[in-house]
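Me: I am new to this structure and would like a close look at a single part of it, with the surroundings explained as you go. Please take your time and connect one point to the next.

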Amino acid sequence: MNIQPRSFDHPDAVKLNDQVQLEYAERYGDEGDVTPLTPSMFRPPRGLYLLAYDESGTPVATGGWRAQDQNEEGYLDGDAELKRMFVIPESRGRGLARRILAALEADARAAGRTRMVLETGDQQPEAIALYTSSGYTPCEKFGYYRTYESSRCFAKPLQES
């Protein structure tokens with residue numbers, strides 16, 4: 001497996017983003033995640049977007065982080081927000097999400113971010129299991145979906161206290 005940094009608007013990233021949006025729409029019966037995202041949000045040193053490719057060069061997994069600081073949506077200074085974690089169905093169960101998650105955490109830590117945060121939904125039990133088994137704990141709701149009953153927010157410290 002080959003994990004590479006890519007722009008959020010790279011054609012392979014767009015392809016996988018379209019796939020994850022379809023999955024969100026199917027699971028929640030809506031139009032998918034409408035959180036406003038732009039490629040500039042994932043540019044180092046205030047973010048990173050990764051794509052994983054299989055042996056044939058096909059994009060099979062994605063994930064990114066973007067810097068957040070205290071604001072009206074409930075973020076705190078030093079937050080790194082995880083976005084668009086996704087593995088295509090045919091490549092699930094191979095540890096790809098864990099590898100991408102670890103790489104994103106390491107990059108956000110190196111960039112001086114103090115806490116990784118993420119929002120997922122109650123119709124994504126696989127995501128919740130991944131995050132809780134990776135040291136994430138429920139936290140106060142934040143972000144675009146903070147007022148939604150189905151929203152589940154998690155956080156993990158990135159720096160030693």
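What follows is a careful walk around one helix and the parts that meet it.

Me: Which residues are buried in helix 3, and what covers the buried residues of helix 3?

Reply: The model is a predicted one, and the values below are computed from its atoms.

Helix 3 runs over residues 125-133, and within it Ala 127, Leu 130 and Tyr 131 are buried. These three cover an arc of only 90° around the axis, which puts them on the same side of helix 3. What covers that buried set includes strand 4 (79-87), helix 2 (96-110) and strand 5 (115-121). Just after helix 3 comes Gly 135, whose phi is positive, at about 95°.

Helix 3 is also tied to a distant part of the chain through a salt bridge. Arg 27 forms this bridge with Glu 126, and the closest N and O atoms of the pair are 2.9 Å apart. Arg 27 belongs to helix 1 and Glu 126 to helix 3, so that the pair links parts of the chain that lie 99 residues apart. As for its surroundings, Arg 27 has a relative accessible area of 25% and is therefore partly exposed.

The bridge between these two residues belongs to a wider arrangement, since Glu 23, Arg 27, Arg 92 and Glu 126 are linked in a network of salt bridges. Within that network, Glu 23 forms a salt bridge with Arg 92, with 2.8 Å between the closest N and O atoms. Because Glu 23 lies in helix 1 (residues 11-28) and Arg 92 in the loop between strand 4 and helix 2, the pair ties together parts that are 69 residues apart in sequence. Glu 23 is buried, with a relative accessible area of 19%, a value that falls under the 20% limit used for that word. Arg 92, at 36% relative accessibility, counts as partly exposed.

The structure holds 11 salt bridges, and another of them involves helix 2, one of the elements that cover the buried residues of helix 3. In this bridge the side chains of Lys 156 and Glu 105 meet at 3.2 Å, N to O. Lys 156 lies in strand 7 (residues 151-157) and Glu 105 in helix 2, so this pair ties together parts that are 51 residues apart in sequence. Lys 156 and Glu 105 are both buried.

The surroundings of helix 3 also include open space. The largest pocket has a volume of about 830 Å³, and it is lined by 36 residues, of which Tyr 24, Met 85, Thr 120, Gln 124 and Ala 127 lie nearest its centre. Ala 127 is thus a residue that appears twice in this account, as one of the buried residues of helix 3 and as one of those nearest the centre of the largest pocket. The elements that give two or more residues to the lining of this pocket are helix 1, strand 4, helix 2, strand 5 and helix 3. The largest share of that lining, six residues, comes from strand 4.

Two of these elements can be followed a little further through single residues. Strand 5 holds Val 117, which counts as buried at 0% relative accessibility. Not counting residues up to four places away in sequence, Val 117 touches Tyr 75, Asp 79, Ala 80, Glu 81, Leu 82, Phe 142, Phe 154 and Ala 155. Val 117 and Glu 90 are 27 residues apart in sequence, and their C-alpha atoms are 27 Å apart in space.

In helix 1 there is Gln 21, which at 15% relative accessibility counts as buried. The side chain of Gln 21 reaches the backbone nitrogen of Asp 33 at 2.7 Å. Leaving aside neighbours within four places in sequence, Gln 21 is in contact with Glu 31, Gly 32, Asp 33 and Arg 84.

Arg 84 turns up again among the contacts of Thr 62, which, with neighbours within four places left aside, also include Met 85 and Phe 86. Thr 62 has its place in strand 3 (residues 59-68) and is buried, with a relative accessible area of 1%. A polar atom of the side chain of Thr 62 lies 3.3 Å from the backbone oxygen of Leu 50.

How values were computed:
Residues numbered from 1 in each chain as written. Predicted model: local features only at pLDDT ≥ 70, side-chain atom pairs only at ≥ 80, totals over all residues. Heavy atoms only, no water. Helix = DSSP H or I, 4+ residues; strand = E, 2+ residues; numbered from the N terminus. Buried < 20%, exposed > 50% of the residue type's maximum accessible area, 1.4 Å probe, protein only. Polar contact = N/O pair within 3.5 Å; in protein donor to acceptor, adjacent residues only side chain to side chain. Contact = heavy atoms within 4.5 Å. Arc of directions from axis to C-beta. Salt bridge = Lys/Arg side-chain N within 4 Å of Asp/Glu carboxyl O. 1 Å grid on protein atoms, 1.4 Å probe; cavity = no way out; pocket = protein on both sides within 12 Å on 5 of 7 lines; lining within 4 Å. Points joined across faces, edges and corners; volume = space filled by probe spheres on them.
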